[in-house]
Amino acid sequence: MPHYTPPLRDMQFVMHEVLNVVDELKALPAHADIDADTINAVVEEAGKLAAEVVAPLNQIGDSEGCTLDKATHEVKAPKGFKEAYAKYVEGGWAALSCDPAYGGQGLPYLVNQSMYEMLNSANQAWTMYPGLSHGAYEALIAHGSDEQKKTYLPKLTSGHWTGTMCLTESHCGTDLGMLRTKAEPQADGTYKLTGNKIFISAGEHDLAENIIHLVLARLPDAPSGSKGISLFVVPKYLVNADGTLGARNPIFCGALEHKMGIHGNATAQLNLDGAIGTLVGEPNKGLAAMFVMMNAARLGVGMQGLGLTEAAYQNAAAYAKDRIQMRSLSGPKAPDKPADPIIVHPDVRKMLLTARAYAEGGRMLAMWTTLQLDKEHASTDEAVKAECADLVALITPIVKAFLTDNAWLATSHCMQVYGGHGYIAEWGMEQYVRDARINMIYEGTNTIQSLDLLGRKVLGDNGAKLKKFGKLVAAFVEDEGVNEDMQEFVNPLADLGDKVTKLTTEIGMKAMKNPDEVGAAAVDYLRVCGHLVFAYFWARMAKVALAKLDSGDPFYKAKLATARFYFAKLLPETAGLIRSARAGVATLQEMDEALF
Ligand SMILES: Cc1cc2nc3c(=O)[nH]c(=O)nc-3n(C[C@H](O)[C@H](O)[C@H](O)COP(=O)(O)OP(=O)(O)OC[C@H]3O[C@@H](n4cnc5c(N)ncnc54)[C@H](O)[C@@H]3O)c2cc1C
């Protein structure tokens with residue numbers, strides 16, 4: 001069975017030695033009392049929940065899956081899931097970063113996000129049950145009426161109720177403008193919703209007393225396309241005026257999907273048969289309201305990728321030290337044994353270091369992004385809020401797509417480290433690969449993230465947001481350009497920064513003549529930007545490690561070695577990606593459709 005140890009030391013390094021989060025957070029009135037001990041203690045306890053309660057259920061969930069009782073439409077999650085969720089609720093974990101006005105603990109998002117990395121390492125499928133509630137909470141807090149907030153937020157905060165996001169229908173996933181679910185206004189101000197949703201994660205289960213579905217649907221007079229979509233809150237059980245549960249609302253699970261991974265999470269087909277809902281926000285503005293939930297979920301999916309990368313790395317590294325096979329090319333390293341441990345072989349090291357560099361780089365990126373999110377929400381300075389909002393908007397598609405693409409590569413490499421044993425279910429490595437694959441697809445495929453980055457976030461505002469990140473890179477290059485020990489990191493970072501600027505201008509010019517140029521370059525472009533962001537953060541981590549190398553703590557030696565590996569072996573991928581992005585759309589359009 002795979003093991004999992006929460007990476008507390010690395011989390012503390014990023015938070016306290018690189019980002020100085022306590023100073024940053026203390027500057028926000030809502031977090032004026034925060035201190036490092038509190039952050040560390042909460043993260044450590046969350047790590048125990050992940051490692052001791054949730055991780056042991058990962059393989060059980062995979063092999064058992066969820067079961068639907070077709071007569072009652074009720075779904076049972078795998079053995080142990082309900083009990084683990086009860087512990088999560090009992091421990092107040094759902095409330096960590098929620099608003100104290102609704103019973104939350106008001107801690108920074110950073111603490112909550114760290115918990116989610118660990119829960120995802122432990123068991124992605126289980127983590128999706130509480131995970132989706134956060135998005136529902138965010139959408140309601142941003143766009144819900146006072147009545148909706150009073151009815152739903154305390155129970156979502158405590159975790160007694162969970163949330164879902166119901167967008168997808170069989171004929172529309174990416175193109176939500178085509179959705180057909182209808183909402184008929186009723187005399188009492190509610191709506192009756194009719195239609196069929198598919199692929200709804202945590203759509204039906206037995207973990208919580210009630211499930212709060214956030215559903216996209218169309219009003220009778222709605223304009224066609226995405227301008228005619230409204231958002232509704234549709235509870236599984238209607239809620240009485242005194243807050244107790246009322247009648248069962250006709251939103252029923254018709255079937256569960258059989259799928260490649262995350263078997264422990266119920267992916268439900270939901271039939272709405274005149275289900276009663278209330279409108280969230282304004283009519284026909286539902287997509288904008290749902291985007292609050294989608295942005296939270298996109299960062300959440302990035303954390304799923306990060307969590308799996310870390311878990312796969314830990315297991316593969318332990319295996320590589322233990323498994324003996326063949327001799328080192330440069331002579332025996334373990335002469336007392338019949339063969340050397342496979343960790344002596346350069347390519348095994350390359351696979352391990354790739355996963356490690358993606359995990360540690362991903363953690364740094366995720367924590368920095370979450371800190372910007374904390375500042376965006378809690379700063380009292382409008383300029384800071386706006387600056388952080390722009391940075392979060394720019395980086396969100398990179399967190400979602402780059403970290404999940406990396407997770408797919410990393411889990412596959414880690415499986416390869418096990419040789420044939422990696423392909424065998426018992427070791428748990430093939431489950432990581434299967435679970436990792438969905439993260440590139442849902443919450444907007446990684447292609448859609450790339451179009452969002454290049455089309456909307458970069459070209460859409462003439463590079464203004466990109467320049468804001470570019471300024472951070474330029475300031476670092478300026479400061480460290482004189483530091484000889486940092487040249488190996490600063491020079492390639494500065495070089496890539498220049499190349500991204502040129503590439504962006506070139507694609508922008510080409511796109512003015514042919515908009516398909518954006519579609520042809522977007523995926524390569526996002527990966528190049530992902531590396532630019534990683535290079536910046538790896539250089540910042542290397543700077544701290546270099547300064548503390550003499551302390552004798554092997555942590556810094558390992559950090560520096562991983563930084564050097566990243567710059568030498570992973571960053572050069574950008575040369576090929578830039579070439580491919582620059583090659584444009586011509587070869588993609590040359591072939592007639594009939595010849596495919
Ligand atoms: C396990 C699982 C859980 C899910 N959970 C949820 C959930 O909780 N709630 C929910 O609402 N949905 C959920 N989904 C649905 C998921 O978000 C969609 O499957 C996804 O957004 C893609 O939509 P689609 O499947 O219809 O693919 P399509 O939209 O048909 O896309 C097919 C392909 O075309 C590409 N494509 C589409 N448009 C463009 C374009 N403009 N340019 C370039 N390429 C394009 C896509 O990138 C993709 O490769 C889940 C799906 C799965 C499998």
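## Helix α9

In this predicted model, helix α9 covers residues 286–322, and its 37 residues reach 54 Å from the first C-alpha to the last, close to the 54 Å expected at 1.5 Å a residue. The helix nevertheless contains a kink of about 30°, which is centred on V292. As for exposure, α9 is mostly covered, with 28 of its 37 residues buried.

## Packing of α9 against α10

Helix α10, formed by residues 346–378, has an axis that comes within 9 Å of the axis of α9, and the two axes cross at roughly 150°. Because angles over 145 degrees count as roughly antiparallel, α9 and α10 are therefore described as roughly antiparallel to each other. The crossing in which α9 passes α10 is left-handed.

## Strand β7 and its surroundings

Strand β7 consists of residues 230–235, and six of these six residues are buried, so the strand is largely enclosed by the rest of the structure. In a regular strand the side chains alternate between the two faces of the sheet. In β7, S230, F232 and V234 point one way, whereas L231, V233 and P235 point the other way, and all of them are buried.

## Strand partners of β7

Strand β6, which spans residues 210–217, pairs with β7 in the antiparallel sense over six bridges, and within this part of the structure H213 has V234 of β7 as its bridge partner. Strand β11, made up of residues 267–280, also pairs with β7 in the antiparallel sense, here over three bridges; L231 stands opposite V280 of β11.

Conventions:
Residues numbered from 1 in each chain as written. Predicted model: local features only at pLDDT ≥ 70, side-chain atom pairs only at ≥ 80, totals over all residues. Heavy atoms only, no water. Helix = DSSP H or I, 4+ residues; strand = E, 2+ residues; numbered from the N terminus. Expected span 1.5 Å × (residues − 1). Bend = angle between axes of the 7 residues up to and from the residue. Buried < 20%, exposed > 50% of the residue type's maximum accessible area, 1.4 Å probe, protein only. Pairing = 2+ DSSP bridges. Axes fitted to C-alpha atoms, helices over the stretch in contact; angles between N-to-C directions. Parallel < 35°, antiparallel > 145°, perpendicular 65-115°, else oblique. Left-handed = near helix turned anticlockwise from the far one by under 90°.
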